[in-house]
Amino acid sequence: MATVEVRDLRKRYQDFLALDGVSLRAETGQLVTLLGPSGCGKSTTLRCLAGFLEPNGGDILVEGESILSTPANRRGFGVVFQNYALFPHMTVAENIGYGLKLQKLPKGEIETRVYDVMKLVRLDGLGDRLPREISGGQQQRVALARALVLKPRLLLLDEPLANLDARLRDEVRWLIRDLQQQSGITAFYVTHDQSEAMAMSDMVAVMKAGRVAQFATPREIYQKPVERYVADFTGEANFLSCDEVAVTGEGRYSIAVAGTTLDLGGVAGITSDTPVELLLRPEALRLTSVDEATFRGTVTKSAFLGAALHCEITLPGGGVLKLSAEPNANVRTGDEVGIAIDHSHAWLMPEVAP
Amino acid sequence: MTLRNPKLWLAVPAIALIFVFMILPITNMIEMSFRTPGTTEPFGEEFTTMHYDRILGDGYYWGVLFRSLFTAGVVTLLCLVVSYPIAWHMSKAKGLKAVFLYACIASPLMTGVLVRNFGWMIVAALNGPLNDVLLGLGIIERPLRLLFTQGLVILALVHVFVPFMVLPINNALRNINPSLIEASASMGANRREVFRDIILPLSFPGIYPGMILVYVLAVAAYVTPALLGGQMVSYMPTLIIGELTGTFQWPFGSALAIVLSVSTILVVALFTALTAKLMERSKA
Ligand SMILES: Nc1ncnc2c1ncn2[C@@H]1O[C@H](COP(=O)(O)OP(=O)(O)O)[C@@H](O)[C@H]1O
Ligand SMILES: [Mg+2]
C-alpha cells in the first residue's frame, strides 16, 4: 500500500535506448496500466520497478523515498510474470508458501495463509499438485496467489493474461481487479490489449517508443487523446484531415472538414499551423437522412455483425468513416447516405504531439 | 508392439550391435568367472564358486574394492565442486565466448591418456614445475613427494573428468527459466537462497548424469592409477588387469571384474533411489 512515483526513468540496452524518460504516478490503491505495442518499453519499466533491472537515469519513489538502492528481494513487491514463472519442482502450496517460508514464519501460520489465499483465488484442493499438473488458468492463479500472499506494498503484473484463451482471460481479469481493489494494493499492470486496459485501470499510460505518450484516466485517454497514436491504440477510430483550423477559445476550435465547418473541443495549444486530425469514434457517428447530415458519402462496405451493421462510408474528399449502424438498417453498398455527428464526441488533436 | 510393426525393424542393427559387443562378452565373462582355473586353456572344464569365495573371504579384496569405490566417490564430489562454477559461467556465455569456453572445457580430452599421464608425472616430479611453484610461493620449504600418491591420482582423474560433469550441468542451467530467479528474488530470496532453493534443485537433471558418468569412469579408470599411483596402493582395475595379463588367471580376473561391476551398479542404484524424488520433480 503505497504511492509510487516514477521520475524520468531512462534505460539503455547497449546502444538501444529502451526507456527515454518515463514518468508515472500511482496513488495508494490505484491500478495503473502501461499500454502500448510490443517493444515500446512496458516490461522494461516494470522490471526497473521490480528491481530486476537498474535504470541508467531517473528515480523511483515509494512513499516519497527512492528505492533504487534497494535490491529486488527487499523491495517487498509482488510480481506476476507473463509465463507465470512457477517453480516447477515445488507443489502449488509450496510455490505459494515459498515467500512465507523465507520469512521463517511458523509452519502453522504458513499453512493457514496459503490455505486462505488459495481459497481466495479458487485453487482449493490443488495444493499438492505440481505446476505442470494443472491448467494454464490455474497456473496463472497460483502466480497471483503467490504474489498476494506476501501482502506486497506494490503489485506488478506483466501481461498476466496473454497466455490464456479469451474466455479465461475475461474471468481472470475481473479476479485480478477484484482482489486488487479489495486488498487496496497499488498495482502496475502491463498489457498491449486496449480493452483490458480500459476496463481495469484507474489510470492508463500509453507508451510509445520508450516514452509515455499520455498518462490519464481511461475515459480521457479514449475521448481526449493527445495525438493520433494514442487514439489509434485505444480503440476503433476514424481520422479526417482538416483544411482550416481557427482557435475560438481555450481548447476550442473551429475547423473546415469535408465541406463543412465544425465547432469542437481539442487538445490545448493547437495553432493554425499545427498538422491536425479530427477524431471521430464510431459511436459519435449516426446514419441519418441526407438533409440533416453533417457529412454525405457513399457506402463502400457494409457487413452484418449480428449486434450491429458495420458500415464504411467514403466521403467526397476521399476520407473514410467506419461506424456501427442499427442491425436492421437498410443500407447497401453504393447507397448515398448522410452522417450526423455528436459534437461532444468529436475531438481535434495534433498528428504528433509536440 | 508386434514384429509386424515396421518401425521395430529399425531397431535391429542397434540390438545386434548391443548383442555382439555387450551381451555376448558380458555373458562370457560371467560364465568364465564360475570356471575352474585352466592350465593349458584360459579356463578349466568345471564350474565352481571358488573365485567368489576367495574374493569375499579375503579382507584384502574388500579393502581394494572399498578404496576403488571410495576414491571414485571423492573424485566425483571434487569434480562436482570444481565443475559447478565453470558450468555456471559457461551457461551465461554467448557467441564466441561460449565456443571458446567449450574448447577449454574439452581440452583435457584432446590429449591421449598416456601422454596426459606422463605429463602429470613431469609436472609432479620432485624437481617438476608444481614443486617449483609451491617452493617459489613459499608454501613449502622442501619439494614434496607428489608422484605415486593417491592425491595425485585423484587430482589427475578430476582434471580429465571435469568435461563430463560441466557439460550436462551447463545444459541443465541453460534450461532454467531466468524469470524463476527473478520470481524468487521478488519473494524475498537472497542470492544464497535463490541458489539453494531454485538453481541447485533445478540443475539436478544435469548433476545426476554428470555424477553417474564421472563415478563410473572413475571406478573403471586404469591407466591413471597405474601410472601415477605407483606400486603401493592398488585399485580394482589394476588388480584385474594384473590377473588377466600378468598371471593369466582369467576366471579369477573375471570374478573380480564382476564384483566391481555389481558393486558399482549397487552404488549407482542407491544414489538413484536416494535422489529419485528430487529427480522426478526437477526434470523439465
Ligand atoms: N536484454 C535486452 N537487450 C537488448 N534489448 C532489449 C533487452 N530487453 C529488451 N530490449 C529491447 O527494448 C525494447 C523494449 O522492450 P520491452 O520493455 O520488453 O518491451 P515491451 O514489454 O513493451 O514489449 C525492445 O525494443 C526490446 O527489443
Ligand atoms: Mg513485454
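How much area is buried between domain 1 of chain A and domain 2 of chain A? I would like to start there this morning, and I should say at once that we are looking at a predicted model. The area buried between domain 1 of chain A and domain 2 of chain A comes to about 930 Å², and carbon and sulfur atoms give 53% of that area. On the side of domain 1 of chain A, the three residues A:Tyr222, A:Arg228 and A:Ala231 supply 58% of what that domain buries against domain 2 of chain A, which is more than any other three residues supply.

To place these two parts for anyone who is new to the structure, domain 1 of chain A covers 4-231 and domain 2 covers 236-350, and their C-alpha centres lie 38 Å apart. Where they meet, nine residues of domain 1 of chain A are in contact with 12 residues of domain 2 of chain A.

Let me turn to the polar side of this interface. Between domain 1 of chain A and domain 2 of chain A the count is one salt bridge, and A:Arg228 forms a salt bridge with A:Glu277, with the closest N and O atoms 2.9 Å apart. Six residue pairs across the interface of domain 1 of chain A and domain 2 of chain A are found in polar contact, with both residues of each pair at pLDDT 80 or more. As for the elements on the side of domain 1 of chain A that touches domain 2 of chain A, those giving two or more residues are α7 (218-223) and α8 (228-233) of chain A, and α7(A) gives the most, with three residues.

Now to the interior. The largest nonpolar core holds 136 residues, and the members that touch the most others are A:Leu49, A:Ile96, A:Leu156 and A:Phe188. The largest share of this core, 13 residues, comes from chain B, from its helix α8 (residues 150-174). If we take A:Phe188 and leave aside its neighbours within four places in sequence, its contacts include A:Val4, A:Leu24, A:Leu49 and A:Leu156. There is also a second, separate core of 35 residues, and among its members are A:Leu285, A:Val299, A:Leu309 and A:Ala325.

I will finish with one arginine, A:Arg177, which lies in helix α5 (residues 166-183) of chain A. Is A:Arg177 buried or exposed? A:Arg177 counts as buried because its relative accessibility is 8%, and the cut-off for buried is under 20%. Not counting residues up to four places away in sequence, A:Arg177 touches A:Leu31, A:Met200, A:Ser201 and A:Asp202.

Methods: Residues numbered from 1 in each chain as written. Chains lettered and ligands numbered in written order. Predicted model: local features only at pLDDT ≥ 70, side-chain atom pairs only at ≥ 80, totals over all residues. Heavy atoms only, no water. Core = buried A, V, L, I, M, F, W, Y, C linked by side-chain atoms within 4.5 Å. Buried < 20%, exposed > 50% of the residue type's maximum accessible area, 1.4 Å probe, protein only. Helix = DSSP H or I, 4+ residues; strand = E, 2+ residues; numbered from the N terminus. Contact = heavy atoms within 4.5 Å. Domains from an automatic or database assignment. Buried area = accessible area lost by both parts, 1.4 Å probe. Salt bridge = Lys/Arg side-chain N within 4 Å of Asp/Glu carboxyl O. Polar contact = N/O pair within 3.5 Å; in protein donor to acceptor, adjacent residues only side chain to side chain.
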